[in-house]
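Have the model open and ready to rotate. We'll walk through some of its side chains, a stop at a time.

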Amino acid sequence: MGAQQSVNAGKAKVDVHVDLTHMLCEALLLPPLSSSSANISQIVGRISLKHPSLFGRSEKLDVILDKGINDSNVVVAFRRPRPEWLSQQSFVIQHSMSPEIAVHGFPADNFTRSGSRGVNLSRLSLGVELNEPTTSNWTSGTSVKFEHIRPVNNDGRSIARDHDGFPLTCSGNLHDNMIILKQESGYADIKDNSFLRVNFQMEQGLPLVPKSLTFNRVKCAVSKGIKLGPTFLVTSLTGGSIVGDMAPYQAFAIGGLGSVRGYGEGAVGSGRLCLVGNCEYTVPLAKHLEGSLFMDCGSDLGSARHVPGNPALRQGKPGFGVGFGYGVHFNTDLGQIRVDYAMNAFSRKTFYFSINSGSGT
């Protein structure tokens with residue numbers, strides 16, 4: 001949900017978008033209720049510049065700037081026209097800056113939230129993306145990119161070690177370099193009474209530059225939805241694995257929205273392996289109002305000790321977590337408003353309030 005304004009400047013088009021998609025997390029400290037505290041963790045503003053024919057031959061240029069309270073992202077993409085039956089080619093330059101909370105943050109309030117320890121990641125990438133033509137229910141894409149990743153503190157200065165003196169990079173230096181070949185495939189079968197979605201991603205680190213990381217990272221997610229009379233049941237299972245060279249920030253983080261609710265971001269654990277299961281049962285309450293019951297669980301499968309520096313074990317993360325709760329969803333023309341109330345295995349409650357944009361960004 002947000003506000004958007006478009007301005008035409010010659011052939012170019014400028015979109016200014018303020019996205020009010022934000023997450024409001026509140027730990028309910030009982031008793032008393034008056035001790036509850038809340039904070040808005042994300043408000044995103046976007047400026048987008050689009051040019052439909054940069055050199056007069058239908059070449060497309062997109063420049064996107066996203067700015068949040070603690071993070072930023074800049075993307076420059078250049079696309080050359082190609083016949084529809086061929087792979088669509090894009091040249092992409094991207095730079096992002098974001099707090100590294102999921103792996104290096106510390107769990108607080110009985111794992112219901114994650115606090116920052118002053119570690120941020122600066123990522124610069126340059127690469128080529130190839131998107132295959134959509135066929136039936138399948139989508140596929142391949143990319144090759146160079147990534148330069150630099151940990152920095154809250155003042156923007158490069159750092160090589162965390163607060164406990166352990167390396168933040170695989171190389172042990174102030175930065176990591178890697179060349180990544182990525183393959184992503186998706187399958188979607190949507191029917192009136194059910195749906196099935198499968199997404200598979202594989203990243204291969206190529207040893208083509210000195211001290212480049214060599215690794216293989218795989219992630220697969222499967223979700224299934226079934227309509228049961230007026231109600232709807234959705235289950236999903238996500239698994240991942242990484243072998244080879246590895247920096248701590250590459251670990252699979254478990255916990256938080258989109259993972260195991262009732263826990264802070266990455267508060268369950270982080271490891272070379274991950275397995276997360278979700279189940280949600282939705283019941284219509286009124287014309288635009290739904291209620292839901294959900295249960296999430298996730299595990300690092302005992303792989304936290306294989307992450308360099310053991311950040312999860314040093315922070316006392318359990319490595320396995322179960323969260324469950326209930327929520328209400330209000331559907332509007334602009335998006336869906338969700339209010340979820342979750343409890344984790346340590347009997348602590350978390351209140352999630354989110355407004356999901358219907359238009360997308």
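What follows is a tour of ring pairs, charges over rings and a nonpolar surface patch.

Keep in mind as you look around that this is a predicted model. Let's begin with the aromatic side chains. Counting ring pairs gives 4 in total. One of them is Trp138 with Tyr187, whose ring centres are 4.9 Å apart. Their planes make an angle of 50 degrees, and the pair is classed as tilted; that label fits because 50 falls between the 30 degrees below which rings count as stacked and the 60 above which they count as edge-to-face. Now trace the backbone on either side. Trp138 belongs to strand E12 (residues 138–152) and Tyr187 to strand E13 (residues 176–190), so this pair ties together parts that are 49 residues apart in sequence. Is Trp138 buried or exposed? Neither, quite: with 47% relative accessibility, Trp138 is partly exposed.

Next, jump to Tyr326 and Tyr341. Their ring centres are 5.4 Å apart and the planes meet at 35 degrees, so this pair is tilted. Here the link runs between strand E21 (residues 320–331), which holds Tyr326, and strand E22 (residues 335–344), which holds Tyr341, with the two positions 15 residues apart in sequence. Tyr326 has a relative accessibility of 47% and counts as partly exposed.

Rings also take part in another kind of arrangement here. Look at Phe252: the charged end of Arg217 sits over its ring, 4.1 Å from the centre. Then find Phe294, where Arg261 lies over the face, 3.8 Å from the ring centre.

Back to Tyr326, as it has another role in this picture. Tyr326 belongs to a nonpolar surface patch together with Ile226, Leu228, Tyr281, Val283, Leu285, Leu293 and Val328. Together these residues offer about 690 Å² of accessible area. Which strands each supply at least two of the patch residues? Strand E15 (215–228), strand E19 (273–284) and E21 do. Ile226 is in strand E15, and it is partly exposed at 36% relative accessible area.

Our last stop is Leu233, in strand E16 (residues 231–244). Leu233 is partly exposed too, with a relative accessible area of 26%. Setting aside neighbours within four places in sequence, its contacts include Ile226, Leu228 and Tyr281, residues you have just met in the patch. Leu233 also touches Lys224, Gly225, Cys279 and Glu280. Finally, compare Leu233 with Val283: they are 50 residues apart along the chain, yet their C-alpha atoms are separated by 9.1 Å.

Methods. Residues numbered from 1 in each chain as written. Predicted model: local features only at pLDDT ≥ 70, side-chain atom pairs only at ≥ 80, totals over all residues. Heavy atoms only, no water. Phe/Tyr/Trp six-rings, centres within 6.5 Å; stacked < 30°, edge-to-face > 60°. Helix = DSSP H or I, 4+ residues; strand = E, 2+ residues; numbered from the N terminus. Buried < 20%, exposed > 50% of the residue type's maximum accessible area, 1.4 Å probe, protein only. Lys NZ or Arg CZ within 6 Å of the ring centre and 35° of its normal. Patch = residues over 30% accessible without salt bridge, like charges linked within 9 Å, V, L, I, M, F, W, Y side chains within 5 Å. Areas by Shrake-Rupley, 256 points an atom, 1.4 Å probe, with all protein chains shown as cover. Salt bridge = Lys/Arg side-chain N within 4 Å of Asp/Glu carboxyl O. Contact = heavy atoms within 4.5 Å.
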